[in-house]
Amino acid sequence: MAVVPESSVLTFSVFKWSSYSSTYLPENILVDKPTDQYSRWSSESNYPPQFLILKLERPAIVQSITFGKYEKTHVCNLKKFKVFGGMSEENMTELLSSGLKNDYNKETFTLKHKIDEQMFPCRFVKIVPLMSWGPSFNFSIWYIELHGIEDPDVVQPCLNWYSKYREQEAIRLCLKHFRQHNYTEAFESLQKKTRIALEHPMLTHLHDRLVLQGDFDACEELIDKAVRDGLFNQYISQQEYKPRWSQIIPKCNKGTSAQEINRDDVNSDADDNRPGMRGGHQMVIDVQTETVYLFGGWDGTQDLADFWAYSVQENQWACISRDTEKESGPSARSCHKMCIDSQRRQIYTLGRYLDSSVRNSKSLKSDFYRYDIDANTWTLLSEDTAADGGPKLVFDHQMCMDSEKHMIYTFGGRILTCNGSVEDSRTSEPQFSGLYAYHCQAGTWSLLREDSCNAGPEDVQSRIGHCMLFHTRNRYLYVFGGQRSKTYLNDFFSYDVDGDHVEIISDGTKKDSGMVPMTGFTQRATIDPELNEIHVLSGLSKDKEKREENVRNSFWIYDIARNNWSCVYKNDQAVKENSSKALQEEEPCPRFAHQLVYDEMHKVHYLFGGNPGKSCSPKMRLDDFWSLKLCRPSKEYLLRHCRYLIRKYRFEEKAQSEPLNALKYLQNDLSLTVDHTDPDETKEFQLLPSALFKSSSDFISLGFSDVDQTYAQRTQLFDTLVNFFPDSMTPPKGNLVDLITL
């Protein structure tokens, strides 16, 4: 296989433009002068469409585009834009939709340059500004550089393939059009002559059974086989998640549920069977045994030292210890951190918060413990990690386990200092802990990165209340969010634990805040290495000033491969002080100082406790326990839905000729495929009998004037079912008639 040449700078000229103002000429983008504010193209207005069309010296594979900028931020910089490309200016494909940061750094974007893993060439590139950073300002582009491959030995075969591809797609559109309109002879003749397949043979078979023969039972069998063979998996993976919260009411030791015990009965032993109200506690989950471990926290008046295990399968809490300190374990604490090594069945805990009144040289030692699950014993690994080369006593830090290499990583957290007048005065800056690694086997610490206020490429800025997650497959730590003094941080970076390399994913300066989780909120994050995504639940702000704003739960997913955040859920009901009971029963109220753990094997989150931030009762803490499942349509749901669509159409067809049979079919067969718990589906089902009273003239024409009603409607059903199959199997998405413009 020939080696693909490296990318080089491509030569181009400015071919066309929508407009320009005064001396801000289009050709200014050919030179990079970041210090000259006149060296740019500026549109005459911001009315669409505004554009620049660039013409390459020769056809090339255009792989990336670089935007140069002015040396300072500028209101005319492009906040949103699109890039198109093609071999002619009339026929272009979208290559990129993105936006620039409003800063002075050059930005490079990868352009779409492959179809089905095959590179395609462009001669023309069109840049379309959509929004500037300053509202109502004209658009400015300072400098453009294109990179790609222009070697004719590479480009010519791609050009030949692209021409052939376009010809093939045109023929497939004709085949689709001919079949939709039942031009059988034309369809067969074109297919025989070109030997081009319209679709996968399985779909041709489905079309034959459904549209030509009306064999609906055979259609259901084909769909059933497709689902079993995993052909709907691609469709499922592209659907949005829907969150499903469930409040967990655990069983008590006596077999009753906690709900059955009168909570007002002080003498009741309900609290002996489950953890009480708290915030600032810690939880970890052993996914192998489906057990959640909970330790410590603050109940509003004191630190706690109780240690619990919740069995998911038994739906029951068990108290491992009422006071771990009495069993050679850690003392009562909150704002500490725990991590679990599921392979070796061990739990580690580090750090805690101490009130300034009890801080002294003895209490400020940072102890470090390990709990052995099978032996039910605690081991003190270190009386003071700082003396062993590790972190000083910290709180609100983060800790991650790397079971494969038997390492622990801890980052950030505020360092506690003695309550002397100097350290505690407002003039002293708070200190934050850096990034450390603990080698479990050797029992040694190493400092990987010190806290840095600088923004060097390998520097990390420590913080509290952030998220840190370890990806067990690509072996990266992911860090984002948090707070440093009164500054809320919005950056996002990864750390390669094997290569000792920091990579900034987002520096947090992008202002399109709708596309990333809100900062300043005490978010909780989990990671799914198999799905390659990060989950973030954000709720209540710790900031009293911000707390009175409409606070809502929201759930975000970050797709690591696509570098893309999406909000899968935002509760639209603002939660007030007197929030409705109904809402509280549907989902947990917004909070901070809670804990969230994730079972990546069974795809379930568990949330416990926290501080609801009620100004009227500042000591109030929560003890509610929830599970969260992120649901996409299942194979079973899609199979039922497809059966419903087929049977619904079959009923409508019967209703025209055999109304009595149709009614029986509706009651006996179609009814079985309806989800009667879904109000929309139930309503649609209840309206179906009206088809029995329609004449054929009542049916809406589908634009197939030259074919009979039955053929046209069966074709429409076929097109609907085809949407669930992978793109590689289906006919082309468009229609031939859509290419005709008025």
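Does Cys335 count as buried, exposed or partly exposed, and at what relative accessibility? Cys335 comes out at 22% relative accessibility, so it counts as partly exposed; the cut-off for buried is under 20%. Keep in mind that this is a predicted model.

**The chain as a whole**

Let's start with the big picture. The chain runs to 742 residues, and 49% of them count as buried. Its secondary structure adds up to 12 helices and 40 strands. If you take the contacts with a separation of 6 or more, 62% of them come from residues 24 or more positions apart.

**Some backbone spots to look at**

Back to Cys335, which sits in the loop between β17 (316-321) and β18 (337-341). Its phi is positive, about 60 degrees, although Cys335 is not a glycine. Ala593 is another non-glycine residue with a positive phi, near 60 degrees. You'll find Ala593 in the loop between α8 (581-586) and β38 (595-599). At 18% relative accessibility, Ala593 counts as buried, because buried means under 20%. Gly214, which follows α3, has a positive phi as well, near 65 degrees.

Here are those phi values side by side:

| Residue | Phi |
|---|---|
| Cys335 | about 60 degrees |
| Ala593 | near 60 degrees |
| Gly214 | near 65 degrees |

There's also a cis peptide bond to check out: it joins Pro48 and Pro49, with omega at about -5 degrees. Pro49 belongs to the loop between β3 (41-42) and β4 (52-68).

**Helix α3 and its buried side**

Now for α3, which covers residues 201-212. With 12 residues, α3 reaches 15 Å from its first C-alpha to its last, close to the 16 Å expected at 1.5 Å a residue. Which residues of α3 are buried? They are Met202, Leu203, Leu206, His207, Leu210 and Val211. These buried residues sit on the same side of α3 because they cover an arc of only 140 degrees around the axis. As for what lies over them, the cover includes α1 (152-180), α4 (216-228) and α12 (709-722).

**A cavity lined by α1 and α12**

His207, one of the buried residues of α3, turns up again in the lining of the second largest cavity. The structure holds five cavities of 30 Å³ or more, and the second largest has about 60 Å³ of space. Along with His207, its lining is made up of Lys176, Arg179, Gln180, Thr715, Phe718, Asp719 and Pro731. Which elements give two or more residues to this lining? They are α1 and α12. By residue type, the lining splits into two nonpolar, three polar and three charged residues.

**Asn735, after α12**

Follow the chain past α12 and you get to Asn735, which lies in the segment after that helix. Which residues does Asn735 touch, leaving aside those up to four places away in sequence? Asn735 is in contact with Leu173, Lys176 and Gln180. Lys176 and Gln180 are also among the lining residues of the second largest cavity. Leu173 is 562 residues away from Asn735 along the chain, yet their C-alpha atoms are separated by 6.4 Å. With a relative accessibility of 27%, Asn735 counts as partly exposed.

Notes
Residues numbered from 1 in each chain as written. Predicted model: local features only at pLDDT ≥ 70, side-chain atom pairs only at ≥ 80, totals over all residues. Heavy atoms only, no water. Helix = DSSP H or I, 4+ residues; strand = E, 2+ residues; numbered from the N terminus. Expected span 1.5 Å × (residues − 1). Buried < 20%, exposed > 50% of the residue type's maximum accessible area, 1.4 Å probe, protein only. Arc of directions from axis to C-beta. Contact = heavy atoms within 4.5 Å. 1 Å grid on protein atoms, 1.4 Å probe; cavity = no way out; pocket = protein on both sides within 12 Å on 5 of 7 lines; lining within 4 Å. Points joined across faces, edges and corners; volume = space filled by probe spheres on them. Nonpolar A, V, L, I, M, F, W, Y, C, P; charged D, E, K, R; others polar.
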